[in-house]
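Colleague: I should like to learn how to read several features of a structural model, beginning with the packing of a helix. Could we take them in turn?

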Amino acid sequence: MSTKSRTRSKARLSRSLGIALTPKAARILEKRPYAPGEHGRTKRKADSDYAVRLREKQRLRAQYGIREKQLRIAFNEARRIEGLTGENLVELLEVRLDALVLRAGFARTTAQARQLVVHRHILVDGKLVDRPSFRVKPGQTIHVKAKSESLEPFQVAAAGGHADVLPPVPGYLSVELDKLQAKLERRPKRAEVPVTCEVQLVVEYYAAR
């Protein structure tokens with residue numbers, strides 16, 4: 001798929017879900033804050049309970065850019081952990097390496113964060129990790145490989161070039177952006193995680209399946 005097609009696809013999905021998945025999608029959503037398609041502007045009948053739960057599940061999945069199977073696995077694990085399943089689920093997703101690369105400001109979008117990891121630019125505690133789904137543990141440090149620091153995307157990041165499109169760095173992450181380094185200080189709490197989702201509805205969606 002071409003870059004233009006991917007951008008169009010993200011914009012359509014953003015309008016369908018009512019959340020901005022990329023900075024460009026945010027601008028499009030601002031101009032066209034309604035669903036895509038010829039009936040996007042028309043008032044639709046109230047969604048069923050199933051449709052509401054499905055949309056929240058799709059919202060969560062889209063914001064982390066993961067497949068259905070990956071979300072289902074994370075949900076099953078969250079259910080086995082002590083505490084509220086929905087909060088556990090968000091915590092498990094948030095400690096993914098690609099999610100933290102984005103939160104730290106090393107990347108502009110989830111897709112770019114994943115690409116940086118896959119292309120072997122990111123280290124965790126000095127060891128190369130090329131799996132976006134790798135779970136970072138509290139106390140571990142994420143940093144850009146020395147040989148990659150001079151590349152343009154990282155120079156832009158180190159200069160704070162993504163600050164205009166990303167939310168503030170959450171409290172569970174400490175970042176030294178000029179050094180392209182971040183540390184997961186503790187487990188994230190749902191209230192701190194900058195994702196738009198009613199996680200209890202996601203729990204209800206999977207519980208009914």
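Modeller: Let us start with helix H7. In this predicted model, the buried residues of H7 pack against helix H3 (49-64), H6, strand E1 (122-124) and H8.

Colleague: Which residues of helix H7 are buried?

Modeller: Within H7, which spans residues 110-118, the buried residues are Thr110, Ala113, Leu116 and Val117. These residues lie on the same side of H7, because the arc that they cover around the axis is only 120°. The general idea is helical periodicity: an α-helix has 3.6 residues a turn, so residues three or four places apart point the same way.

Colleague: What is notable about the backbone just after H7?

Modeller: Arg120 takes a positive phi there, of about 65°. Two further residues deserve attention in this respect. Asp125, although not a glycine, has a positive phi of about 50°, and Leu180, also a residue other than glycine, has a positive phi near 55°.

Colleague: Where do Asp125 and Leu180 lie, and is each buried or partly exposed?

Modeller: Asp125 belongs to the loop between E1 and strand E2 (127-128), whereas Leu180 belongs to the loop between E4 and strand E5 (181-184). With a relative accessible area of 44%, Asp125 is partly exposed. Leu180 is buried, its relative accessible area being 2%.

Colleague: How should one read the nonpolar core, and which residues have the most contacts inside the largest one?

Modeller: One asks which buried nonpolar residues are joined through their side chains. The largest nonpolar core has 46 residues, and those with the most contacts inside it are Tyr64, Leu89, Leu97, Val101 and Ile122. Leu97 is a useful case to follow. Leu97 is located in helix H6 (residues 97-103) and counts as buried because its relative accessibility is 0%.

Colleague: Which residues does Leu97 touch beyond its neighbours in sequence?

Modeller: With residues up to four places away in sequence not counted, Leu97 touches Val117, Ile122, Val124, Val129, Arg131, Pro132, Phe134, Val136 and Ile142. One of these, Val117, is also among the buried residues of H7. Ile122 has its own set of partners outside four places in sequence, including Leu97, Val101, Leu116, Val117, Val144 and Phe154. One may also look at separations between C-alpha atoms: those of Leu97 and Ser133 are 6.1 Å apart, with the two positions 36 residues apart along the chain.

Colleague: Is Glu94 buried or exposed?

Modeller: Glu94 counts as buried because its relative accessibility is 0%, and the cut-off for buried is under 20%. Glu94 is part of helix H5. Apart from neighbours within four places in sequence, Glu94 is in contact with Tyr64, Ala99, Leu100, Arg103, Tyr172, Pro188, Val193 and Pro194.

Colleague: Where is His162 placed, and what does His162 touch?

Modeller: His162 sits in the loop between helix H8 (152-158) and strand E4 (173-176). At 6% relative accessibility, His162 is counted as buried. If residues up to four places away in sequence are not counted, its contacts are Gly105, Phe106, Ala107, Arg108, Gln112, Pro153, Val156 and Ala157.

Colleague: Is Lys137 buried or exposed?

Modeller: Lys137 counts as exposed, at 54% relative accessibility. Lys137 lies in the loop between E2 and strand E3 (141-144). Its C-alpha atom is separated by 9.5 Å from that of Arg96, 41 residues apart along the chain.

Colleague: How does one find a pocket, and which residues line the second largest one?

Modeller: Rolling a probe the size of a water molecule over the atoms shows where empty space is left. Here the second largest pocket has a volume of about 200 Å³. Its lining consists of Ile66, Arg67, Lys69, Gln70, Ile73, Ala74, Glu77, Leu92, Leu93, Arg96, Ser133 and Arg135. By character, the lining residues divide into five nonpolar, two polar and five charged. Helix H4 (68-80) and helix H5 (85-94) each supply at least two lining residues, and the largest share, five residues, comes from H4.

Colleague: Finally, how many helices and strands does the chain contain?

Modeller: The chain has nine helices and five strands. Of its 209 residues, 42% are buried. Among contacts with a separation of 6 or more, 56% join residues 24 or more positions apart.

Methods:
Residues are numbered from 1 along each chain as its sequence is written. This is a predicted model: local features need pLDDT of at least 70, side-chain atom pairs count only at pLDDT 80 or more; totals for chains, interfaces and linings use all residues. Side-chain values use heavy atoms; hydrogens and water are left out. On a 1 Å grid over the protein atoms alone, a cavity is a set of points where a 1.4 Å probe fits but cannot get out, and a pocket is an open set with protein on both sides within 12 Å along at least five of seven lines; lining residues have an atom within 4 Å of a point. Grid points are joined across faces, edges and corners, and a volume is the space filled by probe spheres set on the points. Helices (H or I, at least four residues) and strands (E, at least two) are DSSP runs, numbered from the N terminus. Ala, Val, Leu, Ile, Met, Phe, Trp, Tyr, Cys and Pro count as nonpolar, Asp, Glu, Lys and Arg as charged, and the others, Gly among them, as polar. A nonpolar core is a set of buried Ala, Val, Leu, Ile, Met, Phe, Trp, Tyr and Cys residues joined through side-chain atoms within 4.5 Å. Buried means under 20% relative accessible area, exposed over 50%, partly exposed in between (1.4 Å probe, protein chains only). Contact means heavy atoms within 4.5 Å. The arc is that of the directions from the helix axis to the C-beta atoms.
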